[in-house]
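I opened this notebook page to keep track of what I looked up, entry by entry. The topics are cavities, one helix packing and one aromatic pair.

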Amino acid sequence: MTWLIGVDEAGYGPNLGPLVIAATVWQAPNALSPSEMYEVLGDAVAVAKASRKDDRLLIADSKQLFTAQKSLAPLERGVHAAAQLLKRDVSTWRKLLAEVGQADADRLAPIPWFAEFDRPLPCGISTADVAADADRLAESLRCAGMQLLDARAALLFAGEFNKRLQSGNKSRVLSETTLGLVRDLLPTTPGDVYIVCDKHGGRDRYAGLLQETFGDLLFRVREESRRRSSYEWEREEGRGLIEFRQGGEEFLPAALASMHAKYLREITMDAFNAFWRSHDPTLRPTAGYPIDAKRFLQETVDLRKQLAIADDLLWRQK
């Protein structure tokens, strides 16, 4: 069997809200080419709707699914179906952050907009829809001899992000967090491993970071270009290949990771906006991106002083 890991991020550009890196882990027969996953799982999964009557689960780049209407439903279908297959209870906001985002109550407590927030999930689809999607995907995976083994995310909240910047730049924080998540998910049982990550900004060279993260592995450069950077290694358990490529979300495990990352970021921004609007109902919500984030910062000057909230807890420095 081959292990397939896809990784993607959400929230690299904003000044408000967390940076979220997510990964999904799958196991597939050696004979299956990773590019064939959509075809093999075609009874249950699609990258885009073929027609209005097409009710298959969409697994695609989150930017394609989180539309201008900003409905969470397309993201929720994939995230909650995956959670059901993994037998995880993500029925509330706090449970999802703990089960998938590795953010338990102790991490949330010092952050005012998270300390007491909770809400039931999913919020845009029914639990019956989730069950139907999960059952259909489980059957398709069974027929293909595949398994979804894990879905996990690393969240860096503003204060944590700023502390990490003290020992590196923004791009390095993204790469180190990504590779740390991959390291935690790398299987210890026999089998080859294929990992796809979306490119990290303008970075083309990752060999040094890989060697720092996986000190016991020896990486060989296969390609380092603007389009793709790929590295291979050999270990007792099997061979490995990790790629950083433009459009990494074309790989199904990375697409589902993209959906997890975006969903987790959006529901944490819901908590963020609910907190501030509870103190000032006239305040417009923000998605946290630079121009609007500056507007939000200006409009909350007095309120932040009143609540004694430090800028470093709120504002990502880069």
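Which element gives the largest share of the lining of the second largest cavity? I found that helix 3 does, with three residues. I am working on a predicted model, where local features need pLDDT of at least 70, side-chain atom pairs count only at pLDDT 80 or more, and totals for chains, interfaces and linings use all residues. Residues are numbered from 1 along each chain as its sequence is written, and side-chain values use heavy atoms, with hydrogens and water left out.

Entry on the cavities. I searched the whole structure and noted two cavities of 30 Å³ or more (sets of points on a 1 Å grid over the protein atoms alone where a 1.4 Å probe fits but cannot get out, with lining residues having an atom within 4 Å of a point; a volume is the space filled by probe spheres set on the points, which are joined across faces, edges and corners). The second largest holds about 30 Å³ of space, and I listed Val79, Ala82, Ala83, Leu86, Arg88, Val100, Ala151 and His260 as its lining. By class, that lining has six nonpolar, one polar and one charged residues (Ala, Val, Leu, Ile, Met, Phe, Trp, Tyr, Cys and Pro count as nonpolar, Asp, Glu, Lys and Arg as charged, and the others, Gly among them, as polar).

For the largest cavity I noted about 50 Å³, lined by Val7, Asp8, Glu9, Leu174, Thr178, Cys197, Asp198, Lys199 and His200. Strand 1 gives the most to this lining, with three residues, and by class the lining has three nonpolar, two polar and four charged residues. Helices (H or I, at least four residues) and strands (E, at least two) are DSSP runs, numbered from the N terminus.

Entry on helix packing. I looked up helix 3 (residues 73-85) against helix 11 (residues 252-279), and they pack at about 110° with axes 9 Å apart (axes are lines fitted to C-alpha atoms over the stretch in contact, and angles run from 0 to 180 degrees between N-to-C directions). The two helices are therefore roughly perpendicular (65 to 115 degrees). In contact (heavy atoms within 4.5 Å), Val79 and Ala82 are among the helix 3 residues and His260 is among those of helix 11; Val79, Ala82 and His260 also line the second largest cavity.

Entry on aromatic pairs. I counted 16 of them (ring centres of Phe, Tyr and Trp, its six-membered ring, within 6.5 Å). Trp113 and Trp276 have their ring centres 5.9 Å apart and planes at 35°, so the pair is tilted (neither under 30 degrees, stacked, nor over 60, edge-to-face). This pair links helix 6 (residues 112-115) with helix 11, 163 residues apart.

Terms used: Angles under 35 degrees count as roughly parallel, over 145 as roughly antiparallel, 65 to 115 as roughly perpendicular and the rest as oblique. On a 1 Å grid over the protein atoms alone, a cavity is a set of points where a 1.4 Å probe fits but cannot get out, and a pocket is an open set with protein on both sides within 12 Å along at least five of seven lines; lining residues have an atom within 4 Å of a point.
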